[in-house]
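Student: I should like to take a close look at one part of this model and then see how other parts are packed. Please show the sequence and the structure before we begin.

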Amino acid sequence: GLNEKPFRAKQLMQWIHQRGVSNINDMSDLAKSFRATLLDKAEILSLPVIKDEHAQDGTRKWLLDVGACNAVESVYIPEDDRGTLCISSQAGCAVNCRFCSTGHQGFSRNLSSGEIIGQLWFAEHLLRNDPDAVRRIEKYPTPGWEHTGRVISNVVMMGMGEPLLNYDNVVSALRLMLDDRAYGLSRRRVTVSTSGVVPMIDRLAQDCPVALAVSLHAPNDKLRDELVPINRKYPLQELMAACKRYLPYAPRDFLTFEYCMLDGVNDSFDHAKQLIDLVRNVPCKFNLIPFNPFPNSGYETSRADNIRRFRDVLMQAGYVVTTRKTRGDD
Ligand code: SF4
C-alpha cells in the first residue's frame, strides 16, 4: 500500500518477526526515506500485558488487553522436546460449548491478524531473553534452534475463540507463522483446533493446510447438540465427511480428535464404543482432556479410572490415544 518494492516488505518482515525489532530506526538496511514513511504511518507494539503468571512447571500465561474491557490469554507450555504457545483468535466465543469457560462469557469480537500474530511475536521475543526458556532449549534443542534461535517450536490455536469463525485473520497469521522470513514453523507444528465449522475446514485445506484438531467431545448428535451447539448446524456425519476431505491436504496422515472427559456425561464404555464406530474411516488419534473445572459449569472431571478405561477401549480398537497432562495448575 506504500508503493514500495516487494523486497522491502520481505526486509520488514524479517526485522519484525525474525529479529523482533520494534524500533523502526534500528532497521538499518531500510532506506532512510522508507523508515521515515514507516515512522509516520506505523507503530510496532505488543498487546498490553495485564497479568503475567509463572507456574512451577515452567508454564507461563499472559492475560493481554485487547481494549474495551476485553482480554485474551496466551499460554507457553514448555516440554522436553518442544516449546508450545497456545494462542487466542477471538475475544470471547460465540460457539458456547457447555463445558468451556470462554463459551460462558459470550462473544465480543474477532482479533485482527496483528493481534493474533502479535501474541507469537510477543512471546517468542520475550522468551529468547528469559533465562529459564533459554536453559531449557539449550538442554533439549528443538528443531531449527541452532539456526534460528527460536524458542517456540509449536503453535496451537486452542486459546479463546473458534479460529475458523475468524477465518481471514487467522489464515493471514498462519501464513506468517509458516513463512521462513518470519517464524518458519513447519505445518506439522502449527495446529488449528476447531469445534467443526465444516465449510471453513474445506477452505483451510485449500488456503493453508496445517495440522487440524477437531473438538469432538461426544460420539452422537444428541449429546453433541447439547455440549457443542454448532453441531446442530454441522452434524457429525457432515463433520466426519469434512475430516476425510481434509486428510489428503493435512501435513500428517491423520487428524486429532479432542475429547473433553466429563464425569457421567460422555465417559462411559458405550460412549467409547460409539466413538469407534463414528471415526471408523477417518485415520485419527485421540487426545482425552480431563475437564478443567470452573465455577457454575455444572460438570465434573471424569474419574481417573474412567478415563483409563475409556482410553483402553480406544487403544484396544487400534487407536493412538494420549491423555492431556494438566499443566500450570498452581
Ligand atoms: Fe470454548 Fe472453543 Fe467451544 Fe469456543 S469453540 S466455546 S473457545 S471450546
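Leaving aside its neighbours within four places in sequence, which residues is Ile137 in contact with?

Tutor: The model is predicted, so local features need pLDDT of at least 70 and side-chain atom pairs count only at pLDDT 80 or more, while totals for chains, interfaces and linings use all residues. Residues are numbered from 1 along each chain as its sequence is written, and side-chain values use heavy atoms, without hydrogens and water.

With neighbours up to four places away set aside, Ile137 is in contact with Thr142, Trp145, Arg150 and Val151, contact being heavy atoms within 4.5 Å. Ile137 belongs to helix H5, residues 131-139; helices (H or I, at least four residues) and strands (E, at least two) are DSSP runs, numbered from the N terminus. The relative accessible area of Ile137 is 0%, and the residue is therefore buried. Buried means under 20% relative accessible area, exposed over 50% and partly exposed in between, with a 1.4 Å probe and protein chains only. The C-alpha atoms of Ile137 and Lys233, 96 residues apart in sequence, lie 44 Å apart in space.

Leu314, in helix H12 (residues 304-316), offers a second case. Leu314 has 0% relative accessibility and so counts as buried. Its C-alpha atom is 7.8 Å from that of Lys273, with the two positions 41 residues apart along the chain. Not counting residues up to four places away in sequence, Leu314 touches Ala272, Leu275, Ile276, Phe286, Leu288, Tyr319 and Val321. Phe286 and Tyr319 also form one aromatic cluster with Phe257.

Rings of Phe, Tyr and Trp (its six-membered ring) pair if their centres lie within 6.5 Å; planes under 30 degrees apart are stacked, over 60 edge-to-face, and the rest tilted. By this rule there are six aromatic pairs. In one of them, Trp62 and Phe122 meet edge-to-face, 5.4 Å from centre to centre and with 80° between the planes. Trp62 is in strand S2 (residues 60-67) and Phe122 in helix H4 (residues 113-127), so this pair ties together parts 60 residues apart in sequence. Trp62 is buried at a relative accessible area of 0%, and Phe122 counts as buried at 12%.

Two helices show how buried residues are arranged. In H2 (residues 32-41) the buried residues are Phe34, Arg35 and Leu38. Viewed down the axis of H2, they fall within an arc of 100° and so line one face of the helix; the arc is that of the directions from the helix axis to the C-beta atoms. An α-helix has 3.6 residues a turn, so residues three or four places apart point the same way. The buried residues of H2 pack against helix H1 (6-18), whereas the face turned away from them carries the exposed residues Lys32, Ser33 and Asp40.

In H8 (residues 198-207) the buried residues are Val198, Ile201, Leu204 and Ala205. Their arc around the axis is only 110°, which puts them on the same side of H8. They pack against helix H7 (167-178), strand S8 (190-194), strand S9 (211-215) and helix H10 (236-246).
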